[in-house]
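Welcome! Below is a short guided tour for anyone meeting this protein for the first time. Take a moment to look at the sequence and turn the structure around before reading on.

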Amino acid sequence: MQRILLCSVFLLILVGPALADEFLINGDFEQPLDVGWTDTVLSQAGSYAFSREDTFGQPMPGYAAKVYKYLARFASLRQTVDVTSLDLSLSFDGRFKIAGGSSTCWPVASLWIRYADANGTELGNTRICRSSVYSTWTSSDTVHIIEITDTTGAWNNYTVNLQEEVSTNLPGVKPEDVAKVTVDLFAYDNGT
Ligand SMILES: [Ca+2]
């Protein structure tokens, strides 16, 4: 059984109240991925890939980034920015694809927003997910799972207001403690 997970992002912006305040470097992926982005892999089985292409099927011209992991455990492409408040909107054009899955080997294609304090200690996260039905990830005071409604693998635009997200859905995270925000394209599979 194949277990494929794929998160692709075409344009990812994190902006403050003034639209000119763009926090992310190379959020449109028009430059190589090592500009602004860090890749991390935990591979216990199967393959992984980080790629950048024009356009991975996105209807607008331009480059997009793709993170792929087959079998355990994850491939992650992330960027951390310092923030002075959570009055920020994260907006991106993304597609999330998975294939296969079982109770012992389940994939999730996801984009995480990680919230950390000034020391870099993670306080909680929001996970926008296309999950296998077998996924055991659950929401808690410090984790909010947002399951996307479009399961066709199509490109869609997603927007999250961080202040509203944290104050409404993450009661274990104090908005005033958040000093760093990480955007993480996270391709995960728990099985080998
Ligand atoms: Ca782009």
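## Overall picture

Buried residues account for 36% of the 192 residues in the protein. Please keep in mind that this is a predicted model. The C-alpha trace spans about 45 × 40 × 30 Å along its principal axes. For 192 residues, a compact globule would have a radius of gyration near 16 Å, and the value for the protein, 16 Å, agrees with that.

What does the chain fold into? The secondary structure consists of one helix and 11 strands. Following the sequence, you meet them in the pattern β-β-β-β-β-β-β-β-β-β-α-β. Among the contacts with a separation of 6 or more, 70% are between residues 24 or more positions apart.

## The six-stranded sheet

A good place to start is an open sheet of six strands, ordered β2-β5-β11-β7-β8-β9 and mixed in its pairing. Its edge strands are β2 (38-43) and β9 (143-147), and each of these pairs on one side only. From one strand to the next, the twist averages 20 degrees. As general background, strands of a sheet pair through backbone hydrogen bonds, and they can do so in a parallel or an antiparallel way.

Now let us look at some of the pairings. β5 runs antiparallel to β11, with 10 bridges between them, and here Q79 has V183 of β11 as its bridge partner. β7 and β11 are also antiparallel, over 10 bridges, and R114 stands opposite T182 in β11. With β8, β7 forms an antiparallel pairing of nine bridges, where S110 stands opposite C129 in β8. Is β11 mostly covered or mostly exposed? It is mostly covered, as eight of its 10 residues are buried.

## Another strand pair

Strand β3 (residues 48-54) pairs with β4 in the antiparallel sense, over seven bridges. Within this pairing, R52 stands opposite A65 in β4. Six of the eight residues of β4 are buried, so β4 is largely enclosed by the rest of the structure.

## The nonpolar core

The largest nonpolar core has 39 residues, and those touching the most other members are V9, L90, L185, F186 and A187. Two or more residues each come from β1 (4-15), β4 (63-70), β5 (73-82), β6 (89-99), β7 (107-116), β8 (122-131), α1 (162-169) and β11 (180-189). Which element gives the largest share of this core? That is β7, with seven residues.

## The helix

Helix α1 has L162, E165 and V166 among its buried residues. They lie on the same side of α1, because the arc they cover around the axis is only 90 degrees. In general, an α-helix has 3.6 residues a turn, so residues three or four places apart point the same way.

What do the buried residues of α1 pack against? Their partners are β6, β7, β8, β10 (156-161) and β11.

## Two residues up close

To finish, here are two residues you can find in the viewer. L90 lies in strand β6. Is L90 buried or exposed? L90 counts as buried because 23 C-beta neighbours lie inside 10 Å, where 20 or more are needed. Leaving out residues up to four places away in sequence, L90 touches L14, I113, V160, L162 and V183. L90 and Y158 are 68 residues apart in sequence, while their C-alpha atoms are 8.0 Å apart in space.

The other residue, E122, lies in strand β8. E122 is partly exposed, since 14 other C-beta atoms are within 10 Å, and the partly exposed class falls between 12 or fewer for exposed and 20 or more for buried. Apart from its neighbours within four places in sequence, E122 is in contact with R114 and A116. V173 is 51 residues from E122 in sequence, and the two are 9.7 Å apart in space, C-alpha to C-alpha.

Notes. Residues numbered from 1 in each chain as written. Predicted model: local features only at pLDDT ≥ 70, side-chain atom pairs only at ≥ 80, totals over all residues. Core = buried A, V, L, I, M, F, W, Y, C linked by C-beta atoms within 7 Å. Helix = DSSP H or I, 4+ residues; strand = E, 2+ residues; numbered from the N terminus. Pairing = 2+ DSSP bridges. Arc of directions from axis to C-beta. Contact = placed C-beta atoms within 7 Å. Axes fitted to C-alpha atoms, helices over the stretch in contact; angles between N-to-C directions. Rg over C-alpha atoms; globule rule 2.2 N^0.38 Å.
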